[in-house]
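Here are some worked exercises to try with the model open in your viewer. Have a go at each task before you read its solution.

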Amino acid sequence: MTLFNKSLLALSLSVGLLLSCAVKAESVAIINATVHTATEQGVLNQATIVFENGIISAINPQNMSFDRVVDAKGATLTPGFIAAMNDMGLVEVGAVATSRDASDKEADIIFDPSLAFNPKATTIPFARKGGITRNIVTSDGGESVFAGETFVVNLTGDFDSVLATNTGLFVQLGAADEGSRAIGMQQLIHKLDDVKKALSEGKKSKDKDDEVSREDTVIASVLAGKKPLIVAVDRASDILHMVNLKQKFNLDLVIVNAADAVLVAEQLAKANIPVVIDVMRNLPESFDALHNSLDNAAKLASAGVKVAIALPGDSHGVYALRYSAGNAVANGMDYHDALAAITANIADIFHLEGGRIAVGQPADLVLWSGDPFEYRSKVQMMWIAGDEQGLQSRQDELRDRYLKKTDMPAAYR
């Protein structure tokens with residue numbers, strides 16, 4: 001072997017060793033934490049949580065060494081909260097049309113809003129300050145009852161933060177400004193019927209239009225249980241129609257909004273249909289929502305319904321998700337049920353990893369200065385898939401900028 005080849009081999013081995021060392025992620029142990037696991041284990045006191053390569057690898061291990069130790073000093077550690085059914089990353093400023101990508105009048109079954117997702121939106125770091133590590137994003141839809149498909153992101157703000165696309169079909173039913181609500185319900189029923197019939201007969205759509213065949217593919221996935229049918233609806237009678245549709249088509253059905261769900265809680269629990277609600281809705285906004293109440297989450301959970309708490313719609317208020325959970329507790333919901341409603345239940349309903357502190361789960365973790373449902377508590381540290389996250393938002397930067405004393409006029413700061 002020539003001297004050049006030997007040198008090249010040595011260089012290659014050195015580079016390979018360096019790369020292997022770089023790939024190996026450090027192991028981190030959070031010690032002396034009050035861990036709210038969101039599992040059957042409940043709360044673990046003075047516990048140790050270990051993670052590496054983005055995954056929780058051990059809980060209270062014996063005789064292990066770690067690359068880094070974080071002493072929680074008794075502080076509360078929770079799973080990262082999971083927000084749902086909002087337009088985070090699709091809308092920057094609601095009043096600025098060119099920054100709104102959450103809806104389109106042509107949106108339909110195959111509308112994929114993830115193509116417009118902006119991981120650098122200023123709403124994302126602000127939501128992290130509220131303990132949120134993942135989000136299920138949806139569109140506002142268009143002229144059809146079919147509003148498009150949901151997608152899942154983490155809140156790292158990285159360009160690869162979209163975790164999954166086309167994860168659920170979102171449908172909006174109920175009262176219409178013009179015409180009858182029956183038309184929307186009928187469109188959904190007919191679409192499910194037509195595709196089911198075509199599948200059972202082994203036939204392809206006669207319409208050669210690509211969009212029609214793509215629509216049928218989405219509906220076929222819903223009928224096969226590969227993705228949930230997520231229906232925004234409030235009135236009890238409409239909810240009962242959906243209970244019947246679940247039974248007829250064996251759907252993986254999720255009800256969103258559900259102001260009148262307390263009237264049919266027994267039927268929802270029996271049919272194993274989860275409900276995603278905004279617990280702060282407490283006014284009769286319409287004839288479809290006469291039973292809005294701050295204690296609806298508690299009533300539904302007590303009836304055996306799997307409840308998830310969300311702030312559907314505008315992403316700018318998602319930061320306050322933990323306050324919604326706290327208000328649910330103040331109005332009768334069990335504390336651990338409320339925590340599950342923004343962690344484990346969301347993960348279960350939308351078939352996600354995360355939402356629990358357990359071995360094998362993603363290391364989406366939040367260390368708090370106090371009870372996360374208390375207004376004064378703050379995020380001390382956060383990890384998403386094992387990577388520590390920054391906690392500075394645009395709001396913090398603006399505060400620091402304009403509170404800084406200077407002789408220059410404000411516009412020059």
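**Exercise 1. Find the parts of the model with low confidence.**

Step 1. Begin with residues 17–23, where pLDDT stays under 50. For this segment the model has 1 contact beyond four places in sequence.

Step 2. Now take the whole chain. This is a predicted model, and the protein averages a pLDDT of 90, with 91% of the residues scoring at least 70. Over residues 3–15, however, the pLDDT is below 50, and this stretch has 2 contacts beyond near neighbours in sequence.

**Exercise 2. Describe the overall build of the protein and decide whether its radius of gyration agrees with that of a compact globule.**

Step 1. Count the secondary structure: there are 11 helices and 16 strands.

Step 2. Compare the radii. A compact globule of 413 residues would have a radius of gyration near 22 Å, and the protein has 24 Å, so the two agree. Along the principal axes, the C-alpha atoms fill a box of roughly 75 × 60 × 60 Å.

Step 3. Look at burial and contacts. Of the 413 residues, 47% count as buried. Take the contacts between residues at least 6 apart in sequence: 67% of them join residues at least 24 apart.

Step 4. Finish with surface and charge. The protein exposes about 20,500 Å², and carbon and sulfur atoms supply 51% of that area. It carries 38 positive and 51 negative side chains, and the centres of the two sets lie 3 Å apart.

**Exercise 3. Work out the surroundings of Leu300: is Leu300 buried or exposed?**

Step 1. Locate the residue: Leu300 lies in helix 7, which spans residues 296–302.

Step 2. Check its accessibility. The relative accessible area of Leu300 is 0%, so this residue is buried, the cut-off being under 20%.

Step 3. List its partners, leaving out residues up to four places away in sequence. Leu300 touches Ala261, Val262, Ala265, Val275, Ile277, Val305 and Val307.

Step 4. Pick one partner and compare distances. Leu300 and Val262 are 38 residues apart in sequence, while their C-alpha atoms are 6.1 Å apart in space.

**Exercise 4. Explain why helix 8 can be called largely enclosed.**

Step 1. Count the buried residues. Helix 8 covers residues 321–330, and 7 of its 10 residues are buried, so the rest of the structure largely encloses this helix.

Step 2. Name them: Leu321, Arg322, Tyr323, Ser324, Ala325, Gly326 and Ala328 are the buried residues of helix 8.

Step 3. Ask what they pack against. The strands involved are strand 6 (81–86), strand 7 (132–137), strand 13 (307–309) and strand 14 (365–368), and the helices are helix 7 and helix 9 (335–341).

Step 4. See what comes next along the chain: helix 8 is followed by Gly332, with a positive phi near 105°.

**Exercise 5. Examine the backbone and accessibility of Asn53 and Asn60.**

Step 1. Recall the background: most residues other than glycine have a negative phi.

Step 2. Inspect Asn53. Its phi is positive, near 55°, and Asn53 sits in the loop between strand 2 (43–52) and strand 3 (55–59). With a relative accessible area of 55%, Asn53 is exposed.

Step 3. Inspect Asn60. Here phi is about 50°, again positive in a residue that is not a glycine. Asn60 is placed in the loop between strand 3 and strand 4 (68–71), and its relative accessibility of 38% makes it partly exposed.

How values were computed: Residues numbered from 1 in each chain as written. Predicted model: local features only at pLDDT ≥ 70, side-chain atom pairs only at ≥ 80, totals over all residues. Heavy atoms only, no water. pLDDT = per-residue confidence, 0-100. Contact = heavy atoms within 4.5 Å. Helix = DSSP H or I, 4+ residues; strand = E, 2+ residues; numbered from the N terminus. Buried < 20%, exposed > 50% of the residue type's maximum accessible area, 1.4 Å probe, protein only. Rg over C-alpha atoms; globule rule 2.2 N^0.38 Å. Areas by Shrake-Rupley, 256 points an atom, 1.4 Å probe, with all protein chains shown as cover. Lys, Arg positive; Asp, Glu negative; His and termini not counted. Charge placed at Lys NZ, Arg CZ, Asp CG, Glu CD.
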